[in-house]
Amino acid sequence: MDKPNRWTIAVAGVAMQIALGAVYAWSVFRTPLANEFKWTIAQVTLTFTISILVLGFAAFPGGLWLNRKGPRVVAVTGGILYGLGVFLAGYTQSLWWLYLTYGLIGGIGLGFGYIVPVAVLVKWFPDRRGLITGIAVGGFGAGALVTAPIATSLIASVGVLSTFKYLGLAYLIVTPAAGFFMRNPPEGWRPAGWTPAPAQSAERAARDFTLAQALKTRQWWTLWLILFLNVSAGISLISQQAPLFQELAGVSAAAAAGMVGLVSIGNAVGRIFWAWLSDFITRRATFVAIFLLQVALFWVLPDLSSTAALIAVAFAILMCYGGGFGTMPAAAADAFGARNVGPIYGLMLTAWGLASVFGPLMMAEIRQTTGSYRGALHIIAGVTALSVLLPLTLRARGLQPKA
């Protein structure tokens with residue numbers, strides 16, 4: 001069989017991530033579902049929380065399965081489960097059904113599907129690890145930008161439940177089709193004429209780790225905590241953007257929704273930008289910069305009242321949020337080798353699932369207790385200031401797995 005073009009696999013991986021990233025468009029379903037079934041916004045929002053929590057925990061068995069059976073079967077299965085979960089949500093008549101279909105079934109599909117392009121592309125692009133994983137997960141971040149206007153138009157014309165069915169059918173076609181292109185390169189493959197630069201070699205582990213060996217290192221737990229803290233900070237803001245904009249800038253709900261749309265672009269842009277930058281300044285320096293920037297951004301945010309300033313600062317925060325997702329797969333591959341990055345990074349994504357619960361709950365609780373977002377935002381700034389110390393402890397040169 002002829003060796004496939006690695007850029008074809010990359011395009012398929014991005015297409016798959018865009019379809020999966022449609023989960024970030026959940027907010028367009030929130031009000032229509034609440035109005036149709038007389039549910040509270042909190043009850044409807046829990047669906048999204050469940051799907052992201054399940055994603056974070058399903059990525060690990062997906063990564064293990066990928067190592068045993070190859071990426072194609074995991075990707076196709078993930079695509080089918082995701083599309084099926086969304087389609088079945090179109091038959092919702094109760095909250096438990098919505099949680100089961102969109103939340104649980106769809107979330108498992110998301111976890112299986114998300115880990116595959118990341119694990120595959122770091123192997124096909126050892127020369128551009130940061131950039132290619134940033135582009136791949138950037139597709140996930142951009143999913144809402146593609147899906148939100150389509151879903152909004154469909155809801156207005158056919159209703160929210162029929163919209164789930166139409167989108168589910170589309171995902172059942174697009175996601176498994178893209179997943180069919182996923183395959184690993186031949187053993188020992190590298191781009192013709194490429195050898196790692198000295199700076200790249202200095203960051204990379206001397207040999208490939210197994211999952212068990214990686215878990216015995218301080219490095220793995222440090223990366224897990226970096227991801228958890230970065231996601232907690234960013235998703236805290238994401239969970240409260242519209243009401244926060246209304247409170248600080250005094251804008252209408254419609255204007256706040258428009259601001260949310262503009263700011264969300266930062267999530268996708270940051271995944272590519274920071275990951276690309278990490279190829280040049282190292283992963284460690286990138287994480288330090290991401291945390292330091294957020295210290296300043298979260299500290300000044302509650303004092304802003306200008307719409308333009310709020311958009312700019314929130315956009316930059318979401319760039320940092322996305323940057324963690326873009327940079328971390330390459331950091332994991334650098335630290336532990338690319339061979340077993342599926343299960344190693346898949347387990348690391350439990351940080352995403354837990355942070356998606358912790359961050360929003362913390363923000364909401366402090367806002368409820370104090371009556372203001374100022375305290376919560378300043379606490380996040382303080383935590384990110386302490387978080388700067390974590391990437392400074394990372395090392396990879398000469399790292400060897402323990403027996």
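**Close-up views of a predicted model**

Asp 208 counts as partly exposed, at 34% relative accessibility, and this residue opens the set of close-up views below, which are drawn from a predicted model.

**View 1. Arg 339 forms a salt bridge with Asp 208 and another with Glu 187.** In the pair with Asp 208, the closest N and O atoms are 3.7 Å apart. This pair joins parts of the chain that are distant in sequence, since Arg 339 lies in the loop between H13 and H14, while Asp 208 lies in the loop between H8 and helix H9 (211-215), 131 residues away. In the pair with Glu 187, the side chains meet with an N to O distance of 2.7 Å. That second pair also links distant parts of the chain, with Arg 339 in the loop between H13 and helix H14 (341-348) and Glu 187 in the loop between helix H7 (160-179) and helix H8 (198-203), a separation of 152 residues. Is Glu 187 buried or exposed? With a relative accessible area of 65%, Glu 187 is exposed, because exposed residues are those over 50%. Arg 339, by contrast, has a relative accessible area of 44% and is partly exposed.

**View 2. The side chains of Asp 334 and Arg 129 meet in a salt bridge.** The N to O distance of this bridge is 2.8 Å. The pair connects distant parts of the chain, as Asp 334 belongs to helix H13 (residues 307-336) and Arg 129 to helix H6, and the two residues stand 205 places apart. Both Asp 334 and Arg 129 are buried. Which residues are linked with Arg 129 in a network of salt bridges? The network joins Arg 129 with Asp 279, Arg 283 and Asp 334. In the structure as a whole there are 9 salt bridges.

**View 3. Helix H6 and helix H11 run roughly antiparallel to each other.** The axes of H6 (residues 129-158) and H11 (residues 253-281) come within 7 Å and cross at roughly 175°. Angles over 145 degrees count as roughly antiparallel, and the pair is therefore described in that way. On the H6 side the residues in contact include Arg 129, Gly 130, Leu 131 and Gly 134, while on the H11 side they include Gly 261, Ser 264, Asp 279 and Trp 276. By class, the residues of this contact divide into 11 nonpolar, 8 polar and 3 charged.

**View 4. Phe 280 is found in helix H11.** At 59% relative accessibility, Phe 280 counts as exposed. What separates Phe 280 from Gly 130 in sequence and in space? The two residues are 150 residues apart in sequence, and their C-alpha atoms are 9.2 Å apart in space.

**View 5. Helix H1 passes H7 in a left-handed crossing.** The axes of H1 (residues 6-20) and H7 come within 8 Å, and they cross at roughly 150°. H1 and H7 are therefore roughly antiparallel to each other, as the angle is over the 145 degrees that this description requires. Ala 12, Met 16, Ala 19 and Leu 20 in H1 meet Tyr 171, Val 174, Thr 175, Ala 178 and Gly 179 in H7. How many charged residues are there in the contact of H1 with H7? There are no charged residues in this contact, which is made up of 7 nonpolar and 2 polar residues.

**View 6. Thr 384 has its place in helix H16 (residues 374-387).** Thr 384 is buried, with a relative accessible area of 2%, because buried means under 20%. When its neighbours within four places in sequence are left aside, Thr 384 is in contact with Ala 233, Phe 291, Gln 294 and Val 295.

**View 7. Leu 390 has its place in helix H17 (residues 389-392).** With a relative accessible area of 18%, Leu 390 is buried. Which residues are in contact with Leu 390, leaving aside its neighbours within four places in sequence? Leu 390 is in contact with Thr 222, Leu 225, Ile 226 and Leu 229. The C-alpha atoms of Leu 390 and Phe 325 are separated by 16 Å, and these two residues are 65 residues apart along the chain.

Notes
Residues numbered from 1 in each chain as written. Predicted model: local features only at pLDDT ≥ 70, side-chain atom pairs only at ≥ 80, totals over all residues. Heavy atoms only, no water. Axes fitted to C-alpha atoms, helices over the stretch in contact; angles between N-to-C directions. Helix = DSSP H or I, 4+ residues; strand = E, 2+ residues; numbered from the N terminus. Parallel < 35°, antiparallel > 145°, perpendicular 65-115°, else oblique. Contact = heavy atoms within 4.5 Å. Nonpolar A, V, L, I, M, F, W, Y, C, P; charged D, E, K, R; others polar. Salt bridge = Lys/Arg side-chain N within 4 Å of Asp/Glu carboxyl O. Buried < 20%, exposed > 50% of the residue type's maximum accessible area, 1.4 Å probe, protein only. Left-handed = near helix turned anticlockwise from the far one by under 90°.
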